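Reader: I would like to take a close look at one part of this model, and to see how that part fits into the whole.

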Amino acid sequence: MLHGAARAVRRPPAAVARRLRRFTHGEGAGESGLGRLIELHAVNSAGDMLITVALASTIFFSVPTGEARGRVALYLLVTMAPFALLAPVIGPLLDRVPHGRRAAMAASMLARALLALALSGAVGTGGLELYPAALAVLVSSKAYGVVRSAVVPRLLPPTFSLVKANSRVTLAGLVATGAAAPLGAVLHQLGAALPLYGAFAVFALGMFLSFSLNGRVDSAKGERKARLAPARPRTARDHGRATGSEFGSGTGQRGRDGTGYGNGKRPGLRAVSPSVSSALVANSALRGLSGFLTFFLAFLLRDQPLTGLSGAFSLGLVAVAAGGGNALGTAIGAWLRARGPEVIIAVVLAGALGAAVAAAVLYGTVTAAVVAAAAGISQALGKLSLDALIQRDVPEEVRTSAFARSETLMQMSWVVGGGLGISLPLVAPLGMATGAVVIAAGAVFSVRGLLRAARGGAPHPRVA
């Protein structure tokens, strides 16, 4: 009888585990090694969320609004400003260790595991020693994100496009984040340091999972370093050169591998297509809006809750709307097939701008949730479409490096948006109008190039 009861208890978790395994390893993802990366990213996201819960509880929720704003401003100053200086270094530094990507991901996990222990002694007091440790956590987390973005192309199953693979990885991270958030809140109620002890255990697991990734992760065969910059105009000196590729390094001959990098010279990716450069501008605006809304709405809703709702419930409503929007955008990206990525980015920019303008004019419960959801959908679809454009327009020899550079740019944009959000007065129409200006600026400098490229008839890859 006891044996039967034990089997009944084990059956539901085992069934859930089998379903998760089918999701992560289905359609050839297990054979290619992508399934392991999906699982690792879920572990990474859960650990980051546990640390976020611990820090937010200490810096934001445990003190009055005025003091919380000062603490968060200090957090931004001590962590985000140095990160903005360090972020451009992350991509080139990781380019130097193409044969050690698994070790780099494991090192990021180990660093955050140890930092979680260090933070556990500071969250109770909120002392200044908390901030340098939080900076180190942030840098380690973003370094992992850059490496993960760079290795996905090496683990694609035959039936997957890059966008579909990234959609699956992102969705796993969102699910893990959603599961870890309430767990972290419960642990925090039992003890301020408990979420950090949980993060230590999660990151320790992630360290071992990093070394279980497929060996192709550490392969640098055929790779070149990349520098994302707009295409330079052709000059008279360029005429008569038969480069065979707009990505040529100016050698005048196509390389032996057919890429246009003759004589083995290293390309600088000085001539990314107009689609890619415009998509980078658009995604920077979308990521900036996300960072802005994260900080501005957090303080606004705590100080001025939505009508008829408490501050905590208002924050929860907007957070759910943003997370749901992100998940929906990821699901839409996996569903779309032959749509042009340039058009998708232009459409999501218009949608985000419309939602921000509506919230500025008619701020309330519905519009606050709508702008948060629109930001989530737009950020997810915009990033997936940017990935598709890099896959289509950037030569394979520099593609993984290009992903690292673009991810770093996106993180820096979020930092700038967050700084803007913390600096504004808590006036809802002003904040929503500022968000609209951020998106409008991105649209002005990107939509024309995107639509012109789309009308040019360039062949589009599958978006799923």
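What share of the contacts in the protein chain with a separation of 6 or more is accounted for by residues 24 or more positions apart? And, turning to a single part, how many of the residues of H6 are buried?

Author: The model is a predicted one, and in it residues 24 or more positions apart make up 83% of those contacts in the protein chain that have a separation of 6 or more. The chain has 464 residues, of which 52% count as buried, and it contains 15 helices and zero strands. Its accessible surface comes to about 20,200 Å², with 66% of that belonging to carbon and sulfur atoms.

Helix H6 covers residues 130-151, and its 22 residues reach 32 Å from the first C-alpha to the last, which is close to the 32 Å expected at 1.5 Å a residue. This helix is mostly covered, since 18 of its 22 residues are buried.

One partner of H6 is helix H5, residues 101-120, and the two pack with their axes 9 Å apart at an angle of about 160°. Because angles over 145 degrees count as roughly antiparallel, H5 is roughly antiparallel to H6. On the H5 side the residues that make the contact include Arg101, Ala104, Met105, Ser108 and Met109, while on the H6 side they include Leu130, Ala133, Ser140, Tyr144 and Val151. The crossing of these two helices is left-handed.

Two of the H5 residues just named, Met105 and Met109, lead on to helix H8 (residues 194-210), in which Ser210 lies. When its neighbours within four places in sequence are left aside, Ser210 is in contact with Leu40, Arg102, Met105, Ala106 and Met109. Ser210 has a relative accessible area of 0% and is therefore buried, the cut-off being under 20%.

A second helix pair can be set beside H5 and H6. The axes of H11 (residues 341-361) and H12 (residues 365-393) come within 8 Å and cross at roughly 165°, so these helices, too, are roughly antiparallel to each other. Among the residues that make this contact are Pro341, Ile344, Val348 and Ala352 of H11, together with Val370, Ala374, Gly382 and Arg392 of H12. The crossing of H11 and H12 is left-handed, as is that of H5 and H6.

Terms used: Residues are numbered from 1 along each chain as its sequence is written. This is a predicted model: local features need pLDDT of at least 70, side-chain atom pairs count only at pLDDT 80 or more; totals for chains, interfaces and linings use all residues. Side-chain values use heavy atoms; hydrogens and water are left out. Helices (H or I, at least four residues) and strands (E, at least two) are DSSP runs, numbered from the N terminus. The expected span of a helix is 1.5 Å times one less than its number of residues. Buried means under 20% relative accessible area, exposed over 50%, partly exposed in between (1.4 Å probe, protein chains only). Contact means heavy atoms within 4.5 Å. Accessible areas come from the Shrake-Rupley method with a 1.4 Å probe; for residues, only the protein chains shown count as cover. Axes are lines fitted to C-alpha atoms, for helices over the stretch in contact, and angles run from 0 to 180 degrees between N-to-C directions. Angles under 35 degrees count as roughly parallel, over 145 as roughly antiparallel, 65 to 115 as roughly perpendicular and the rest as oblique. A crossing is left-handed if the near helix is turned anticlockwise from the far one by less than a right angle, and right-handed if clockwise.
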